[in-house]
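I opened a fresh page for this one and went through the fold first, then the helix pairs, then a few loop residues. Here is what I looked up, in the order I looked.

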Amino acid sequence: KMMYTRVSKKMNAVTQTKYQSHCGSKRHSPDIYRMMEELIKEHCIKGEIVDDDPLLSLEMSTAVFSAFHDNWKVMERPGYSTENFRDALALFAVILNESRPSMSQDQIETVVSLLESIEACVCGYGLEERSQ
């Protein structure tokens with residue numbers, strides 16, 4: 001819940017003065033992507049939760065991407081500096097690989113549905129493509 005709330009608040013911070021200028025609006029999405037990557041890296045990977053309790057790390061990282069999906073409508077200029085988004089997805093893949101043996105069919109279906117929904121949102125913004 002804490003991770004969901006932090007991402008939601010950051011995404012809805014688009015109305016803050018610092019994001020209202022031309023240059024400021026370009027910083028909003030990179031700030032969100034960076035936060036997503038850092039939350040997953042710090043709380044799930046470096047905190048070794050993924051090793052000790054893979055399902056808890058799955059729940060935590062899923063909350064990050066659920067908040068991203070649920071608040072997608074407030075995103076402005078989502079195509080700027082997308083490397084951190086792809087890095088967050090790569091970390092999520094690590095967690096999914098570790099969690100897979102313990103996941104129920106319902107959990108698998110929930111994650112697949114979430115990822116498909118995110119893919120539909122980000123399609124066309126280059127978030128899924130790594131720079132060469």
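**Entry 1: the overall fold**

I began with contacts along the chain: of those in the protein with a separation of 6 or more, 77% are between residues 24 or more positions apart. I keep in mind throughout that this is a predicted model.

Next I counted secondary structure and found six helices and zero strands. Following the sequence, I wrote the pattern down as α-α-α-α-α-α. The radius of gyration came out at 15 Å, close to the 14 Å that the globule rule gives for 132 residues, so the protein is as compact as a globular protein of that length. Along the principal axes, I noted a box of roughly 45 × 30 × 25 Å filled by the C-alpha atoms. I also looked up burial: 43% of the 132 residues count as buried.

**Entry 2: α4 against α6**

I then turned to helix α4 (residues 54-70) and helix α6 (residues 105-122). At what angle do their axes cross? I read roughly 30°, with the axes coming within 10 Å. Angles under 35 degrees count as roughly parallel, and α4 and α6 are therefore roughly parallel to each other. I logged the crossing of α4 past α6 as left-handed.

For the residues involved, I listed L55, L58, T62, F65, S66, F68 and H69 on the α4 side. On the α6 side I have Q107, V111, L114, S117, I118, C121 and V122. Sorting the residues of this contact between α4 and α6 by class, I got nine nonpolar, five polar and no charged.

**Entry 3: α5 against α6**

Helix α5 (residues 83-99) was next, and I found it packing with α6 at an angle of about 165°, the axes 14 Å apart. That makes α5 roughly antiparallel to α6. The crossing of α5 and α6 is left-handed.

Which residues make the contact? From α5 I noted F85, L89, F92 and L96, and from α6 V111, L115, I118 and V122. The class tally for α5 with α6 is eight nonpolar, no polar and no charged residues. I underlined V111, I118 and V122 of α6, which appear in the contact with α4 and also in the contact with α5.

**Entry 4: α2 against α4**

One more pair: the axes of α2 and α4 come within 10 Å and cross at roughly 170°. These two helices, α2 and α4, are therefore roughly antiparallel to each other. On α2 I listed I32, Y33, M36, L39, I40, H43 and C44, and facing them on α4 are S57, M60, S61, V64, F65 and F68. By class, I recorded ten nonpolar, three polar and no charged residues for the contact of α2 with α4. I marked F65 and F68 of α4, since I had them written down for the α6 contact and met them again here with α2.

**Entry 5: the loop between α4 and α5**

I looked up two residues in this loop, N71 and W72. Is N71 buried or exposed? It is buried, with a relative accessible area of 8%. Leaving out neighbours within four places in sequence, I found N71 in contact with Y4, S8, M11 and N12. From N71 to K10 I count 61 residues along the sequence and 9.8 Å in space, C-alpha to C-alpha.

W72 also counts as buried, at 14% relative accessibility. Not counting residues up to four places away in sequence, W72 touches M11, P78, C121, V122, Y125 and L127. I noticed that M11 is in contact with N71 and is touched by W72. I also checked W72 against M35, 37 residues away along the chain, and got 15 Å between their C-alpha atoms.

**Entry 6: E48 and D53**

I finished with two more loop residues. E48 is in the loop between α2 (22-45) and α3 (49-52). What is the phi of E48? I read a value near 60°, positive in a residue other than glycine. For context, most residues other than glycine have a negative phi. At 45% relative accessibility, E48 counts as partly exposed.

D53 is in the loop between α3 and α4. D53 is partly exposed too, with a relative accessible area of 36%. Its C-alpha atom lies 9.5 Å from that of E98, a residue 45 positions apart along the chain.

How values were computed. Residues are numbered from 1 along each chain as its sequence is written. This is a predicted model: local features need pLDDT of at least 70, side-chain atom pairs count only at pLDDT 80 or more; totals for chains, interfaces and linings use all residues. Side-chain values use heavy atoms; hydrogens and water are left out. Axes are lines fitted to C-alpha atoms, for helices over the stretch in contact, and angles run from 0 to 180 degrees between N-to-C directions. Helices (H or I, at least four residues) and strands (E, at least two) are DSSP runs, numbered from the N terminus. Angles under 35 degrees count as roughly parallel, over 145 as roughly antiparallel, 65 to 115 as roughly perpendicular and the rest as oblique. A crossing is left-handed if the near helix is turned anticlockwise from the far one by less than a right angle, and right-handed if clockwise. Contact means heavy atoms within 4.5 Å. Ala, Val, Leu, Ile, Met, Phe, Trp, Tyr, Cys and Pro count as nonpolar, Asp, Glu, Lys and Arg as charged, and the others, Gly among them, as polar. The radius of gyration is taken over C-alpha atoms; the globule rule is 2.2 Å times the number of residues to the power 0.38. Buried means under 20% relative accessible area, exposed over 50%, partly exposed in between (1.4 Å probe, protein chains only).
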